[in-house]
Amino acid sequence: DGCGHTVLGPESGTLASINYPQTSPNSTVCEWEIRVKPGQRVQLKFGDFDIDDSDSCHSSYLRVHNGIGPTRTEIGKYCGFGFQMDGLITSKSNEVTVQFMSGTHTSGRGFLAAYSTTDKSDLITCLDNASHFSEPEFNKYCPAGCVIPFADISGTIPHGYRDSSSLCMAGVHAGVVSNTLGGQINVVISKGIPYYEGSLANNVTSKVGPLSTSLFTFKTSGCYGTLGMESGVIPDSQITASSILEWSDQTGQVNIWKPENARLKRVGPPWAAFISDDHQWLQIDLNKEKRITGIITTGSTLAEYYYYVSAYRILYSDDAQKWTVYREPGMDKDKIFQGNTELYQEVRNNFIPPIIARFFRINPLKWHQKIAMKVELLGCQFSIGRAPKITMPPPPQNKNDDFIHSVKTSLQTDKTTFTPEIKNTTVTPSVTKDVALAAVLVPVLVMVFTTLILILVCAWHWRNRKKKSEGTYDLPYWDRAGWWKGMKQFLPTKSAEHEETPVRYSSSEISHLRPREVPTMLQTESAEYAQPLVGGIVGTLHQRSTFKPEEGKEASYADLDPYNSPIQEVYHAYAEPLPITGPEYATPIIMDMSSHPSTPLGVPSISTFKAAGNQAPPLVGTYNKLLSRTDSTSSAQALYDTPKGQPGPAAANELVYQVPQSVAHSTGNKDE
């Protein structure tokens with residue numbers, strides 16, 4: 001009466017004292033006899049050991065023996081609170097006896113241990129979790145029997161499990177190991193997530209879990225895809241059932257819950273059997289042999305119809321005539337799968353080893369109110385190196401044809417046995433060719449796209465450098481030839497300006513024109529710059545004169561000050577342009593007559609301009625004269641200077657004049 005949780009598998013198992021992990025009762029005893037295949041040995045590992053040692057292992061202890069029966073020999077006797085046993089206890093044969101004795105005591109949890117054959121060198125117990133290992137990825141062997149009521153897990157696949165979860169119990173929930181067989185797990189550690197979902201799978205309930213620093217997942221073969229119930233790949237004609245629920249509601253509408261309604265996540269009613277007994281079934285034809293690794297079920301999913309199946313069996317066949325009930329290897333009983341506990345929740349069960357079959361049948365054994373369900377199958381394509389088998393279409397089903405063939409043979413003859421040749425058969429030969437082709441095309445495409453990107457980047461960079469070489473504010477290269485300079489004379493705002501180059505003209509042309517006609521005949525290029533003011537005399541003018549500054553000052557101009565203004569005012573280097581509507585006056589002409597050989601020395605330069613009002617400007621120097629223009633053109637000594645090169649009193653050389661601006665001349669002024 002001292003035996004607790006116990007699962008003894010053919011290659012591994014788990015055993016614990018009664019009431020573990022609570023204090024074991026007084027005066028109890030339990031003895032386990034473990035056998036493995038001949039030629040193998042047994043290794044024992046303790047996950048927890050806490051036995052009272054107040055009487056030096058006299059009344060409370062754990063004893064391990066080689067062999068079974070009267071011929072057994074003792075390996076060791078153990079007791080102690082929190083006893084830590086390093087390493088494994090190994091037998092000398094394929095049989096081991098474990099004896100637990102609990103005397104009078106007040107504390108002590110007892111023990112939990114795992115065993116396996118000695119070829120499983122990486123054996124762990126059901127109490128180990130991910131936080132016990134520092135490697136980011138590792139392989140361990142889980143013993144059978146790790147679905148224990150005193151261990152918790154949080155999470156689900158594919159998101160992962162909280163690091164505090166039992167590794168082996170999570171492996172059973174994920175479907176990578178069997179609780180009755182145990183198996184190898186490949187664990188990957190990664191960063192934790194804020195929230196872990198809960199679910200029911202393989203008779204293990206995963207709870208909702210909070211944030212953790214890390215989580216773990218399992219590496220698998222990847223054969224867990226859906227086989228076509230939800231997506232519709234399996235047509236309606238390939239889904240049949242033993243009976244169909246048909247009924248009329250209060251409005252007189254006929255409701256038929258047909259087999260094709262049994263598609264997972266499909267909106268609407270499920271499939272339901274007309275009669276609720278253990279002879280009903282739902283059958284799915286996969287059209288060819290598939291590798292089936294699991295099944296997901298729900299109830300009716302209709303709140304007003306609280307129907308669901310809570311337990312069922314699985315049968316499979318190649319010809320829909322002879323059916324085999326699914327059993328786990330080494331077991332002589334049919335596997336009973338846990339179904340739903342309510343009508344909405346999705347419950348998953350995995351087949352270890354997988355089922356290889358074309359026809360798949362679900363036989364409900366327990367249900368709530370009525371048999372009703374929706375399903376999806378998990379698995380992948382099955383391909384194995386063997387001769388193709390011709391499969392005939394199934395004959396019509398009879399209502400009396402509910403015969404179920406249950407195989408009672410050993411593991412070697414059971415069709416559900418997982419054989420080694422099934423491994424690595426999910427890849428067809430055509431996939432290898434596709435992989436080789438992709439290995440060539442992908443690098444070539446990457447190189448082509450990389451080259452195009454480099455060319456575009458270089459072109460963009462060269463264009464930017466060219467723009468920088470022109471200057472941020474420079475004109476484009478086609479605007480540097482000066483054609484814009486010639487075009488500005490046609491703009492209305494620039495028509496009154498003049499180029500800095502003096503206009504040359506002959507006296508004969510001037511003599512035939514009236515003074516007012518002269519400016520209109522002289523067409524020159526517009527000046528680009530405002531011309532400098534004549535220093536000192538601006539105060540006597542109503543408007544400022546405009547002309548382009550000279551490149552350099554002449555010596556005579558710098559030395560002479562013909563307008564000795566007492567007030568020296570500072571003006572801008574360039575005068576403001578003349579307003580369009582204001583009056584304009586002739587530009588003063590500054591002449592150095594000393595450069596002409598026909599002019600006597602000392603004759604001053606003569607300027608012509610209109611004075612402000614009738615007041616003549618002050619005279620500067622002994623020989624300076626201020627002359628006003630007249631309308632008379634008959635005088636031999638005209639007040640206008642005569643250009644050189646024409647008959648008259650001037651010298652033979654041609655004179656150069658600034659072009660007078662177009663102004664109205666006054667006839668009322670006379671010489672001072």
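This briefing covers confidence, a buried strand and its partners, a buried histidine, and a nonpolar surface patch.

The structure is a predicted model, and its protein chain has a mean pLDDT of 74, with 61% of the residues reaching 70 or more. Strand β5, which spans residues 61–66, is largely enclosed by the rest of the structure, because six of its six residues are buried. A nonpolar patch that includes Leu437 and Ile455 lies, by contrast, on the surface.

**Confidence along the chain**

- Over residues 385–433 the pLDDT stays under 50, and for this stretch the model has 66 contacts beyond four places in sequence.
- Residues 494–573 likewise stay under 50 in pLDDT, and here the model has 116 contacts beyond four places in sequence.

**Strand β5 and its partners**

- In a regular strand the side chains alternate between the two faces of the sheet.
- In β5, Tyr61, Arg63 and His65 point one way while Leu62, Val64 and Asn66 point the other way, and all of these residues are buried.
- β5 pairs in the antiparallel sense with strand β8 (residues 95–102) over six bridges, and within that pairing His65 has Thr97 of β8 as its bridge partner.
- Strand β6 (residues 73–78) also runs antiparallel to β5, to which it is joined by five bridges, and in β6 the residue bridged to Arg63 is Lys77.
- β5 and β6 form a hairpin with six residues between them, and in the turn Gly67 has a positive phi of about 85°.

**The surroundings of His173**

- His173 is found in helix α1, which covers residues 167–174, and it counts as buried because its relative accessible area is 0%, where the cut-off for buried is under 20%.
- Leaving aside neighbours within four places in sequence, the contacts of His173 include Ile153, Gly155, Thr156 and Tyr161, as well as Ser199, Leu200, Ala201 and Asn202.
- Val204, Ser206 and Arg348 are also among the residues in contact with His173.

**The nonpolar patch and helix α2**

- Leu437, Val440, Leu441, Val444, Leu445, Val448, Phe449, Leu452 and Ile455 form a nonpolar patch on the surface, and together they have about 850 Å² of accessible area.
- Leu452, one of the residues of this patch, lies in helix α2, which covers residues 429–470.
- Leu452 counts as partly exposed because its relative accessibility is 45%, which falls between the cut-offs of under 20% for buried and over 50% for exposed.

Technical notes. Residues are numbered from 1 along each chain as its sequence is written. This is a predicted model: local features need pLDDT of at least 70, side-chain atom pairs count only at pLDDT 80 or more; totals for chains, interfaces and linings use all residues. Side-chain values use heavy atoms; hydrogens and water are left out. Helices (H or I, at least four residues) and strands (E, at least two) are DSSP runs, numbered from the N terminus. Buried means under 20% relative accessible area, exposed over 50%, partly exposed in between (1.4 Å probe, protein chains only). Contact means heavy atoms within 4.5 Å. pLDDT is the predictor's confidence in each residue, from 0 to 100. Two strands pair if DSSP finds at least two bridges between them. Patches are made of residues with over 30% relative accessible area and no salt bridge: like charges are joined within 9 Å, nonpolar side chains (Val, Leu, Ile, Met, Phe, Trp, Tyr) within 5 Å. Accessible areas come from the Shrake-Rupley method with a 1.4 Å probe; for residues, only the protein chains shown count as cover. A salt bridge is a side-chain nitrogen of Lys or Arg within 4 Å of a carboxyl oxygen of Asp or Glu.
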